[in-house]
Amino acid sequence: MPDASPPEILAAMRIVVDPAAIPALPALQQSSRILVPTMGALHEGHLELIRRARTLAGPNGEVAVSIFVNPIQFDRPDDLAAYPRPLEQDLEKCRAEGVDLVFTPEASSIFHPDRSTAVLESSLSKTLCGATRPGHFDGVCTIVLKLFNLLQPTAAVFGEKDYQQLAIIRRMVRDLNVPVEIIAAPTVRESDGLAMSSRNTRLNPTQRADAPRIRQALLSASKESSPEAILATARAAIESSENRIDYLELVDAETLQPVEDLSCPTLLATAVFYGDVRLIDNHSIRPCRN
Ligand SMILES: Nc1ncnc2c1ncn2[C@@H]1O[C@H](COP(=O)(O)OP(=O)(O)OP(=O)(O)O)[C@@H](O)[C@H]1O
Ligand SMILES: CC(C)(CO)[C@@H](O)C(=O)[O-]
Ligand code: BAL
């Protein structure tokens, strides 16, 4: 019996707030659901992730986007309070990209008041952002696993701007046998090289004009031939009267531990404060030298 629904209704994007109302993944035709987890305030970086998901899902698969500012991954209450939440604009952007399902729950429906279980990663999360944002990646792993359990995606797309997050999610999926394929997408940048980030909107004009130095510094320093020279060059090029370096490290691209030489693929990674706005960026140094 043919479906009598008009095509515009068939194509409508579903917006789900209540976790209990998440539609099941149809078993036969729509066998894939590709999830893009976000905290909203969507920009071109997110939209590239969504386009990647759309391509992977194909015409019969589903693209799901979660928009949830996850309170348990914030180490500073002021950062959580100031996080931008332009939900209506986000929904319009998702519609324009052909997203099938947006999941945008309330924190109260996600976290039981009496919750006592979390996902803790104990190796990759000890350096870089994990060292300066205590508990951050426990919060990320816990919400991502909950999103996977709720939405049952076949695959999920994450950005390389959050390189450490991507590595930790891959580790979690491996260690806990989570049946979700993890797809990485490259960092999308403004025309002056600044990595797109929802927090960029909180920079004042002077800070915004200064911030591209982060990317320029990582690129120029990576031409140096020793870890010491790379770090010294990057530090000198990032530092300005507008900012404060939270961390700047050269780590093994796989273990995320600091390196003493350049014999393996490495990652030059930094977090930089402009006032109370914290920006991150990284640059992979390949191929192996020495
Ligand atoms: N510039 C970017 N290029 C590619 N992916 C990105 C970019 N910015 C964010 N992402 C990815 O989008 C997903 C959701 O990230 P999130 O919602 O935290 O956005 P964000 O811009 O990183 O915000 P912020 O860093 O201010 O928290 C993550 O997988 C993240 O890596
Ligand atoms: C993966 C994520 C959506 C979990 O809250 C968040 O850490 C982010 O936006 O990168
Ligand atoms: N994309 C990183 C999320 C956070 O800063 O909490």
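**Exercise 1. Place histidine 46 in the secondary structure, then decide: buried or exposed?**

Step 1. Histidine 46 sits in helix α2, residues 44-57. Helices (H or I, at least four residues) and strands (E, at least two) are DSSP runs, numbered from the N terminus.

Step 2. Count neighbours. Histidine 46 has 26 C-beta neighbours inside 10 Å, so it counts as buried. The cut-offs: buried means 20 or more other C-beta atoms within 10 Å of the residue's own, exposed means 12 or fewer, and partly exposed lies in between, with C-beta atoms placed from the backbone.

Step 3. Check the record. An unreviewed UniProt entry annotates His46 as "active site". Such annotations may be inferred rather than shown by experiment.

**Exercise 2. Establish which residues of the model score under 50 in pLDDT.**

Step 1. Note the source. This is a predicted model, where local features need pLDDT of at least 70, side-chain atom pairs count only at pLDDT 80 or more, and totals for chains, interfaces and linings use all residues. Residues are numbered from 1 along each chain as its sequence is written, while chains are lettered from A and ligands numbered from 1 in the order in which they are written.

Step 2. Take the averages. The protein chain has a mean pLDDT (the predictor's confidence in each residue, from 0 to 100) of 94, and 93% of the residues score at least 70. ipTM is 0.97 and pTM is 0.95.

Step 3. Find the weak stretch. Residues 1-9 stay under 50. Where pLDDT is low, predicted coordinates should not be read in detail.

**Exercise 3. Describe the shell around ligand 2.**

Step 1. List the residues near ligand 2 (C-beta atom, placed from the backbone, within 6 Å of it). They are Pro37, Thr38, Met39, Asn70, Gln73, Val140, Ile143, Val144, Asp162 and Gln165.

Step 2. Assign elements. β2 (33-38) and α7 (136-151) each give two or more residues. The largest share, three residues, is from α7.

Step 3. Sort by type. Five are nonpolar, four polar and one charged. Here Ala, Val, Leu, Ile, Met, Phe, Trp, Tyr, Cys and Pro count as nonpolar, Asp, Glu, Lys and Arg as charged, and the others, Gly among them, as polar.

**Exercise 4. Analyse how domain 1 touches domain 2.**

Step 1. Set the bounds. Domain 1 spans 7-185 and domain 2 spans 203-285, by an automatic or database assignment. Their C-alpha centres lie 27 Å apart.

Step 2. Count contacts (C-beta atoms, placed from the backbone, within 7 Å). Eleven residues of domain 1 meet twelve of domain 2.

Step 3. Name the contributors on domain 1. α6 (128-132) and α8 (163-175) each supply at least two residues. α6 gives the most, with four.

Technical notes:
Two residues are in contact if their C-beta atoms, placed from the backbone, lie within 7 Å. A residue is near a molecule or strand if its C-beta atom, placed from the backbone, lies within 6 Å of it.
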